Amino acid sequence: MRTASRQRTAVAVALAGAAFLLAGSGWGLFKAPPEVFMGEVQRIMYVHVPTAWNAMLALSFAFGCALAFLFTGDWKWDSRLEAALEVGVVLSLLLCAQGAIWAKPTWGVWWDWDPRLTTTAVLLFAFAGILALRGFVDDPVKRAVWTAVAVVIAYVDVPLVYFSVRWWNSLHQLQSTPETVSRAFHWPLRINAFGVLFLMIGLVELRARLAWQRRAAESAPPLPSGVAVATGRL
Amino acid sequence: MRGVIEGGWEFVIAAYVITAVVLLGYAFSVCWRLWKAPRHDAGR
């Protein structure tokens, strides 16, 4: 598929995700019933849980890209790794903010160092740190290899986050899945899950395009000084 | 104390507003950076 066509497709997928999110959120806010114990506050679940699923999915894709780059050396995997890493960090940050807002009325505190929250904080700081440090390495080969190795190591925390509520005594409730939530909450949860998924896929594709263009600019032959100044490359 | 949370719409609204701001802000940031990036190639 040609570049312009791929970009248009990515924008269309992201817009479809936004439309799904609008529909699912409208359903969750105005049509779905309040939960018996948490009341209206439970409506935060319709954005919090899809964000959690897709943050872990984005970081899992980053892990896959890291392995693919290390085994093949193909630069497209480095671009996709950078994209998935950044999207995963943004979703993880949003996840922590939504979780804190949910925690205050239900637990009485904004934050608690329980296993789920602690492993999520480690995840956020580890991947955000890798993303930040990546910006300080000038050599593209070292940058790509170091990022891939660091992502593979940091990924150990992702299953820890997921299973922390089962393995340890956690204040956080068990994973929300169609099996663990009431049928009345299924549809807004599913629609928003696909909404965040489509948005994530579109954004990862666009962000990978950006990473690819930046790397191409790095490896492009230097322009004559007059041309470089005229085109803003200096 | 009945163990049931009453009210709380302000927390719900805050969570949805933060979600919209972060996702929209990030989407615009990606589009803006892509628009400003130098173009060097035809495919990936």
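**Entry 1: polar contacts between the chains**

I began with polar contacts and found four residue pairs between chain A and chain B, both partners at pLDDT 80 or more. I note here that this is a predicted model. On the chain A side, α1, α2, α3 and α7 each supply at least two residues to the surface that touches chain B. I sorted the residues of that side by type and got 26 nonpolar, seven polar and 12 charged.

**Entry 2: extent of the interface**

Next I looked up how many residues take part. Chain A brings 45 residues to the contact and chain B brings 29. The area buried between the two chains is about 3,400 Å², and carbon and sulfur atoms give 71% of it. I also asked which three residues of chain A supply more of its buried area against chain B than any other three. They are Leu94(A), Ile101(A) and Gln213(A), which together supply 16%.

**Entry 3: the helix of chain B**

I then turned to α1(B), which runs over residues 9–36. This helix has 28 residues and reaches 40 Å from its first C-alpha to its last, close to the 40 Å expected at 1.5 Å a residue. Which of its residues are buried? I listed Phe11(B), Val12(B), Ala15(B), Tyr16(B), Thr19(B), Leu23(B), Tyr26(B), Ala27(B), Val30(B) and Leu34(B). I also checked what covers them, and the cover includes α1 (3–31), α2 (45–72), α3 (75–107) and α7 (186–219) of chain A.

**Entry 4: chain A as a whole**

I stepped back to look at the partner. Chain A has eight helices and zero strands. Its C-alpha atoms fill a box of roughly 70 × 35 × 30 Å along the principal axes. Chain A has 234 residues, and 50% of them count as buried. For contacts with a separation of 6 or more in chain A, I find that 77% join residues 24 or more positions apart.

**Entry 5: helix α7 of chain A**

I gave α7(A) a page of its own. It has 34 residues and spans 49 Å from first C-alpha to last, close to the 50 Å expected at 1.5 Å a residue. Why do I call α7(A) largely enclosed by the rest of the structure? I do so because 25 of its 34 residues are buried.

Arg207(A) sits in this helix. I looked it up and it is buried, with a relative accessible area of 3%. Beyond its neighbours within four places in sequence, Arg207(A) touches Glu82(A), Ala83(A), Glu86(A) and Arg214(A) in chain A, and Tyr26(B), Val30(B) and Arg33(B) in chain B.

**Entry 6: the salt bridge across the interface**

How many salt bridges cross between chain A and chain B? I found one. The side chains of Arg33(B) and Glu86(A) form a salt bridge at 2.8 Å, N to O. Are the two partners buried or partly exposed? Arg33(B) is partly exposed, because its relative accessibility is 21% and buried means under 20%. Glu86(A), with a relative accessible area of 10%, is buried.

I followed the charges outward from here. Arg33(B) and Glu86(A) belong to a network of salt bridges that also links Asp78(A), Glu82(A), Arg134(A) and Arg207(A).

**Entry 7: other salt bridges**

Over all chains the count comes to eight salt bridges. One that I looked up joins Arg6(A) and Glu205(A) at 3.3 Å, N to O. The pair links distant parts of the chain, with Arg6(A) in helix α1 and Glu205(A) in helix α7 of chain A, 199 residues apart. Arg6(A) is partly exposed, at a relative accessible area of 23%.

**Entry 8: Arg43(A)**

My last stop was a loop. Arg43(A) lies between α1 and α2 of chain A. It counts as buried at 4% relative accessibility. The side chains of Arg43(A) and Glu40(A) meet in a salt bridge at 2.8 Å, N to O, and both of these residues are buried. Which residues does Arg43(A) touch, not counting those up to four places away in sequence? In chain A I noted Gly28(A), Leu29(A), Phe30(A), Ala32(A), Pro33(A) and Pro34(A), and in chain B Trp9(B), Val12(B) and Tyr16(B). Val12(B) and Tyr16(B) are also among the buried residues of α1(B).

How values were computed. Residues are numbered from 1 along each chain as its sequence is written. Chains are lettered from A and ligands numbered from 1 in the order in which they are written. Side-chain values use heavy atoms; hydrogens and water are left out. Helices (H or I, at least four residues) and strands (E, at least two) are DSSP runs, numbered from the N terminus. The expected span of a helix is 1.5 Å times one less than its number of residues. Buried means under 20% relative accessible area, exposed over 50%, partly exposed in between (1.4 Å probe, protein chains only). Contact means heavy atoms within 4.5 Å. Buried area is the accessible area (1.4 Å probe) that two parts lose on being put together, summed over both. A salt bridge is a side-chain nitrogen of Lys or Arg within 4 Å of a carboxyl oxygen of Asp or Glu. A polar contact is a pair of N or O atoms within 3.5 Å; within protein, one must be able to donate a hydrogen and the other to accept it, and residues adjacent in sequence count only if both atoms are side-chain atoms. Ala, Val, Leu, Ile, Met, Phe, Trp, Tyr, Cys and Pro count as nonpolar, Asp, Glu, Lys and Arg as charged, and the others, Gly among them, as polar.
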